[in-house]
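Work through these exercises with the model open. Try each task before reading its solution.

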Amino acid sequence: MNKNKEQLLNKRYKAEQRFRLYGQSAIFMALLFLTIFIFKIFSTGYSAFQKTWLIVPVTFDAELMMLEQNPSKEDIQDADYYDIALKSMADLDLNANEDQENELKRMVSYFFEKEIKNELLNDPSLIGKTKEVYLTASDDLDQVFKGNYPRDLPEDQRRVSDYQLKIFDQLVANGKVESKFNISFFTNADSREAELAGIASSFMGSIFSILVCLMIAFPVAVLAAIYLEEFAPKNRFTDFIEVNINNLAAVPSIVFGLLGLGVLLAIFQLPRSTPLVGGITLSLMTLPTIIIAARASLKAVPPSIREAALAMGASRMQTTMHHTVPLSMPGTLSGTIIGLAQALGETAPLILIGMVAFVNTIPGSPMDPAASLPVQIYIWAESAERGFVEKVSACIMVLLGFLITMNLFAQIIRHKFEKKWS
Amino acid sequence: MNLILFTFIVLLGFTSYYFGRKKAYTIQSTKKRLTALPQFYGYYLSIWCAIPAFIIFSLWAIFEPTIVKLLILSDYSNQGYLDDELNLIYEKTKALSRGQFTGEITPFIEASAEKYLSLRSIAQSSKVVIVLSAIIASVAYAYKRISSNSRTREPVEKFLNAVLFTASLAAILTTVGIVFSLIFQTIDFFKVIPLFDFVFGTHWYPAKAFVRDSSEALDPTMYSDTFGAVPIFAGTFFIAFIAMCVAIPIGLMSGIYLAEYASYKVRQYAKPLIEILAGIPTVVYGFFAALTVGPFLKELGTSMGLEVSAESALAAGGVMGIMIIPFISSLSDDVITSVPQSLRDGSYAMGATKSETIKRVIFPAALPGIVGSILLGVSRAIGETMIVVMASGLAANLTLNPLESTSTITAQIVVILIGDQAFGDPKTQAAFALGMSLFLVTLCLNIVALRVVKKYREKYE
């Protein structure tokens, strides 16, 4: 009898331990996913911050550039650089036939003409001389140099030919290939060529959309929260508003995209693909988040503050505007920042209102067509070229960096400025 | 011009605040008692200055184009043009008046362009005059009221109250906007495609219904058997089911562990770390699923002799499950911590172990809240877009094999609407009909979930 009891007890203790273990492993799993995730993104993305350059000797032959004696700045501006650019690439292998010359040309980006031109514009005295110029390597060679490209594939499955690899290896051996920090990733707009594509346009698009979103969502949400928390009578109608807000917070984001498409674009005829429309759509989406946060922080202001103000003869509006609202601001602001961070990461509604258009100029105002960072991730992730994989990861790193900063900022505001009552 | 007028109104509004306040001080200096604080005199005056002007200004901006268009097109009214042709004429007129017209210029259009320009300039100048006189009239009225020292605080506060109330309507307006934007397209869609075919048809192939020219007569037989949404609904629920298979055990167990077992330190670090998973943009999950998880599963399947599609439902659903873990874990954590301590104490006093207490006492007590959190998770899984667009297939297969590719409501909406859309095309309308069904399904889930959670909260508070 006693033994039975002990067995039972042991069994129960074992069950207890097992249950505990399930809990621990669940937490472990969740954190494992997070780690794999971050590791994967960083390990594929970090190389995008480096860019491979080929150092190629260029002879600035005045005749080939169709330049006269003592050319002016404008002449240099308008000169023909294609021939010397082509020639300097072809000179990498003096025995090259025509096909091979073409392959040589494709070892650098199609931007090479402009890079040579900029070199001369910086130093016009180079005419007639030879100088080693840094040219952006094509994205395939860039990937080869970073070790992301399998060299052992059969030639017909590779985008880099054996010949290009041979010349490239010679250049590497001579120290004519260099890897430098990739500034153009931050300053260039999107491009079809992976080696030239940058995030500047989508970054500006994101900034503009978030600003528009902030300018609409913040005032409306704060005013609505003040009304609902401080002035609204308790009746059916305010209950209805409340149910509405809670529901909107859980409506799938793509439905807001349909709203933007069906109302903003189709009825109000606002310009397609612009951060203006994107921002308005996002603001409708963020509105409930901010209202809920603002109401929570208004509720947290103790009633004694209001009573004291009312006792001193302030009207209800004065009590609210002079005392309750300023005291609730830290909570409201941190809620707003978290809502904006959500909006910043949103993709689906922006795709529907056309912010997936290919934009190769940097937008200067919210009325110009633009993409946004998450949409840029989507666009690049859908393209087949190998060079875009690391770009996507790098873009994700930039986006996550922003989101983390915004969330930290929200935390700081909350901890530093929020008054602790009690 | 509009911008200048706008800034002018704003500036006048600000300056009138100071005039109002100054007037209050002068009244005060005559030893009269003020009826409100001096700044209310200022607010009063600036509200009267700016608001009527703004109302006229915006009404004008809304109605001017329509009225100008009516006046221009009245010249063509008895010549038997169709509506579309009239619109074209109007567009040509506008383009010509802006100097951007490149086609053949007919004298008719030239005449209307001139008329258009003169109408616009008349409209502009009359707008300025009307707005300015409105400002003068209303400021004069308000100034007179201030001078006679009548009440200013009450009207100002009433106005503010009205502004607050209007802002609180924004949520309702958004909901109305959603329903409004979905319903008309959906109704049009069901005029062409019978509701029965949509709900019970098993073939989804919208690309077949591509209409090149909208003037082409719509042939209903063309669309039969193209818009059967069963595979899409099935795919949506299937992927959501896979996601919940991942999210419920992990999310629930970590919620329980955090609430009941974890020490303060573990809780302090683990909880925010898990919540990071909720803050990662979904497009990032999509990329992760498409680039890492999909190929990994495919390789794993091949090594076991299974045929796995690179865009399998399993990859999309699994990654979606990871995304939903924090929703379930935080909500169930909250729910469990709000179960009163007395229930636990009672159970311990009867000699139950911790896990027995959790399983037999706390879990049943917290069940409604947990169900609510799971329903919210399901609603999120159904509405999730980017993961499925990037990691799951875009062809709608009717299958229950998690290794094959399926498609979902959200993915189809994106596929249909990603390029340029022609409104009035059944394919576009189909996307709105899908959106409508998505909205309705998630709305029901949300309402039920929120109600359950609310009921539960009230029970223990």
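Chain A has 17 helices and three strands. Helices (H or I, at least four residues) and strands (E, at least two) are DSSP runs, numbered from the N terminus. This is a predicted model: local features need pLDDT of at least 70, side-chain atom pairs count only at pLDDT 80 or more, and totals for chains, interfaces and linings use all residues. Residues are numbered from 1 along each chain as its sequence is written, and chains are lettered from A and ligands numbered from 1 in the order in which they are written.

**Exercise 1. Describe the overall form of chain A.**

Step 1. Take the radius of gyration over C-alpha atoms. Chain A has 30 Å, whereas a compact globule of 422 residues would have a value near 22 Å. The globule rule is 2.2 Å times the number of residues to the power 0.38.

Step 2. Check the extents. The C-alpha trace spans about 90 × 75 × 40 Å along its principal axes.

Step 3. Split the chain. Domain 1 is 52-180 and domain 2 is 200-417. Such bounds come from an automatic or database domain assignment. Over C-alpha atoms, the centres of these two domains of chain A are 47 Å apart. Their contact takes five residues from domain 1 and four residues from domain 2. Two residues are in contact if their C-beta atoms, placed from the backbone, lie within 7 Å.

**Exercise 2. Explain why helix α6 of chain A counts as largely enclosed.**

Step 1. Apply the burial rule. A residue is buried if 20 or more other C-beta atoms lie within 10 Å of its own, exposed if 12 or fewer, and partly exposed in between; C-beta atoms are placed from the backbone.

Step 2. Count. Seven of the eight residues of α6 (residues 139-146) are buried, so the helix is largely enclosed by the rest of the structure. Among them are A:D139, A:L141 and A:F145.

Step 3. Find the neighbours. The buried residues of α6(A) pack against β1 (50-59), α7 (162-173), β3 (177-181) and α17 of chain A.

Step 4. Look just past the helix. There A:G147 takes a positive phi of about 80°.

**Exercise 3. Place A:L120: is this residue buried or exposed?**

Step 1. Locate A:L120 in helix α5 (residues 112-122) of chain A.

Step 2. Count around A:L120. With 23 other C-beta atoms within 10 Å, A:L120 is buried.

Step 3. List the contacts. Not counting residues up to four places away in sequence, A:L120 touches A:F60, A:I76 and A:L126.

**Exercise 4. Trace the nonpolar cores.**

Step 1. Define the set. A nonpolar core joins buried Ala, Val, Leu, Ile, Met, Phe, Trp, Tyr and Cys residues through C-beta atoms within 7 Å.

Step 2. Find the hubs. The largest core has 186 residues, of which A:A221, A:A224, A:I377, B:A289 and B:V319 touch the most other members.

Step 3. Look for a separate core. Apart from the largest lies another, of 28 residues, including A:V108 and A:F145.

**Exercise 5. Characterise the interface.**

Step 1. Count both sides. 63 residues of chain A are in contact with 68 residues of chain B.

Step 2. Name the top contributor. α1(A) gives the most to the side of chain A that touches chain B, with 17 residues.

Step 3. Sort that side by class. It has 48 nonpolar, eleven polar and four charged residues. Ala, Val, Leu, Ile, Met, Phe, Trp, Tyr, Cys and Pro count as nonpolar, Asp, Glu, Lys and Arg as charged, and the others, Gly among them, as polar.

Step 4. Read the confidence. The predictor gives the complex an ipTM of 0.88 and a pTM of 0.87.
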